[in-house]
Amino acid sequence: MSFVETFAAQGCLVVDRLFDPALIEQVHGEYRRQYAAFDPADLPLHMKVGEGRLHLPMRMTGPLLDPAFYAHPLLMRMIASLLGDTFLIDNVNCVVALAGAGEQRIHMDHNCLFPEQRDVGDRAPPYAVTVAIALIDLDKATGTTRLFPGSLAAASDADGNPPAFGGDIKPFVRRGGCFLMDYRLWHHGLANRSDVDRPILYIVYSREWFTDVRNFKKHSRLLVDASELERIPIEHRSLFRRLSAQGLLDLSIKQVLGQA
């Protein structure tokens, strides 16, 4: 069975080693720099996604703008095989389970696109894929994200509770590892029983016609300063077409791509 067929059936994939751990340590350092002085109790409500759990926008700068991070060659081939050649980056954020955080509710990251045809939803190709990159080594103490393979677009019960699932996957990856999730996959964060926070950085790649309107009503979805745009190689500028949207850099697509 090919990678595309496996992902279509399972909706997830764990990659134990993809990135250089030294690069991920630099990204972790940039996360700490951006949120060095933040007080979890003093954050806006939309950045809190449960008790002890945060959803933080990440400004793409420093190591986050290293093409080896957002445009790793193997990752790009994998994403293109799932979303087609015209995919882009829809959003970048960091989901943090603070030390001592409890278990998160089971959920999908986005509503079914066509709820009136939910029975065909799991047979449709993916429209967005989350690449979840652990910024620390994940183990049984820190917890991880629990994935339910094959749960694409499964319907909730009449009371809105998640459906019953069979097996699960708990990706305890080390720095340099990651896991990919179809945007329709049911999953949830496990408890963090350690004494350190658990930041997992999400890069969401999507088809160009889709953007997440559920989780980014108030969040910044893609933060790149205009002064940093020149750092992005021309061959990777198309990944950042979302920046042409009004309210971000207010640039045309041609300007984002570096065309006159």
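Reader: Leaving aside neighbours within four places in sequence, which residues is Phe 240 in contact with?

Author: This is a predicted model, in which local features need pLDDT of at least 70, side-chain atom pairs count only at pLDDT 80 or more, and totals for chains, interfaces and linings use all residues. Residues are numbered from 1 along each chain as its sequence is written, and side-chain values use heavy atoms, without hydrogens and water. With contact taken as heavy atoms within 4.5 Å, the partners of Phe 240 are Met 60, Leu 65, Tyr 70, Ile 89, Leu 222, Val 224, Ile 232 and Val 256.

Reader: Which element gives the most to the largest nonpolar core?

Author: Such a core is a set of buried (under 20% relative accessible area, 1.4 Å probe, protein chains only) Ala, Val, Leu, Ile, Met, Phe, Trp, Tyr and Cys residues joined through side-chain atoms within 4.5 Å. The largest has 51 residues, and Phe 69, Tyr 70, Tyr 205 and Phe 240 touch the most other members. Among helices (DSSP runs of H or I, at least four residues) and strands (E, at least two), the one that gives the most, six residues, is α4.

Reader: Why do the buried residues of α4 lie on the same side?

Author: The buried residues of α4 (residues 73-83) are Leu 75, Met 76, Met 78, Ile 79, Leu 82 and Leu 83. On the other side, Pro 73 and Arg 77 are exposed (over 50% relative accessible area). The buried residues share a side because, by the directions from the helix axis to the C-beta atoms, they cover an arc of only 165°.
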